[in-house]
Amino acid sequence: MNLTGHCLCRSLAFEVTGDILRTGHCHCESCRRATSSPVTTFFCVATADVAFRGDTLRHYASSPGVRRGFCNGCGSPMSFETEGRPGEIDLYVASLEDATGVEITQHWYWNERVSWLHCEDDLPKRED
């Protein structure tokens, strides 16, 4: 699979050349605060399969063992990495130029979801 994406100002872009390992809608409080949205949607790939180009991807250690990548220019969130899954990186589906073919398979941290957003789908709803 070949996927491309970029930040809001287009100064930071990425290309993914490997397979997607997993996808999901994350409802955790940290992701909600990092994106100012009620839910965010990720696709996970091997770190070695992602090439960033343009501006430098900046990082913020949002909690122990976790770092979130963002564009230094416009501040767009770009990535999530955790020491719990070495060699993997989560990227935001919404940053893709074309998300056709990226099937979302589950909800994560369902127990932390906001009460006013109603998700009516048949996807598995995990508590972690």
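Arginine 10 is exposed, with a relative accessible area of 60%. This residue of the predicted model is found in the loop between E1 and strand E2 (12–16). Its phi is near 70°, a positive value in a residue other than glycine. Most residues other than glycine have a negative phi.

Serine 36 is another case of this kind: its phi is positive, about 55°, although serine 36 is not a glycine. The place of serine 36 is in the loop between H1 and E4. Serine 36 counts as exposed because its relative accessibility is 71%, and the cut-off for that term is over 50%.

**The annotated domain**

The UniProt record, an unreviewed entry, places the feature "domain: CENP-V/GFA" at residues 3–109. Across residues 3–109, strand accounts for 49% of the chain and helix for 7%. The C-alpha atoms at the two ends of this stretch are 26 Å apart.

**The sheet**

An open sheet is formed by 7 strands, and its pairing is mixed. The strands follow the order E6-E7-E8-E9-E4-E3-E10. Strand E6 (57–63) and strand E10 (107–108) are the edge strands, each pairing on one side only.

E6 runs antiparallel to E7, and 5 bridges join the two. Within this pair, histidine 59 has glycine 69 of E7 as its bridge partner, and leucine 57 stands opposite cysteine 71 in E7. The two strands form a hairpin with 2 residues between them. Glycine 65, in the turn of that hairpin, has a positive phi of about 80°.

Strand E7 (residues 66–71) also pairs with strand E8 (residues 77–82); they run antiparallel and are joined by 5 bridges. Valine 66 has threonine 82 in E8 as its bridge partner. E7 and E8 form a hairpin too, with 5 residues between them. In its turn, glycine 75 has a positive phi of about 85°.

The residues with a positive phi described so far are set out below.

| Residue | Place | Phi |
|---|---|---|
| Arginine 10 | loop between E1 and strand E2 | near 70° |
| Serine 36 | loop between H1 and E4 | about 55° |
| Glycine 65 | turn of the E6 and E7 hairpin | about 80° |
| Glycine 75 | turn of the E7 and E8 hairpin | about 85° |

**Threonine 41**

Threonine 41 is found in strand E4 (residues 40–46). It counts as buried because its relative accessibility is 18%, and the cut-off for that term is under 20%. The side chains of threonine 41 and histidine 25 are joined by a polar contact of 2.7 Å. Leaving out residues up to four places away in sequence, threonine 41 touches Gly24, His25, Leu91, Tyr92, Val93 and Ile104.

**Asparagine 2**

Asparagine 2 lies in the segment before strand E1 (3–6). Its relative accessibility is 52%, so asparagine 2 counts as exposed. When residues up to four places away in sequence are not counted, asparagine 2 touches Glu15 and Val16. With glutamate 15 there is a polar contact of 3.1 Å between the two side chains. Asparagine 2 and valine 50 are 48 residues apart along the chain, and their C-alpha atoms are separated by 10.0 Å.

**The largest pocket**

The largest pocket has a volume of about 400 Å³. Its lining consists of 20 residues. Of these, Cys26, Phe80, Arg85, Tyr109 and Asp128 lie nearest the centre of the pocket.

Several elements contribute to the lining: strand E3 (22–26), helix H1 (29–35), E6, E7 and E8 each supply at least two residues. H1 gives the most, with 3 residues. The pocket lining thus includes residues from E6, E7 and E8, the strands that pair by hairpins as E6 with E7 and E7 with E8.

Conventions
Residues numbered from 1 in each chain as written. Heavy atoms only, no water. UniProt positions renumbered as here; feature names shortened; annotations may be inferred. Helix = DSSP H or I, 4+ residues; strand = E, 2+ residues; numbered from the N terminus. Pairing = 2+ DSSP bridges. Buried < 20%, exposed > 50% of the residue type's maximum accessible area, 1.4 Å probe, protein only. Contact = heavy atoms within 4.5 Å. Polar contact = N/O pair within 3.5 Å; in protein donor to acceptor, adjacent residues only side chain to side chain. 1 Å grid on protein atoms, 1.4 Å probe; cavity = no way out; pocket = protein on both sides within 12 Å on 5 of 7 lines; lining within 4 Å. Points joined across faces, edges and corners; volume = space filled by probe spheres on them.
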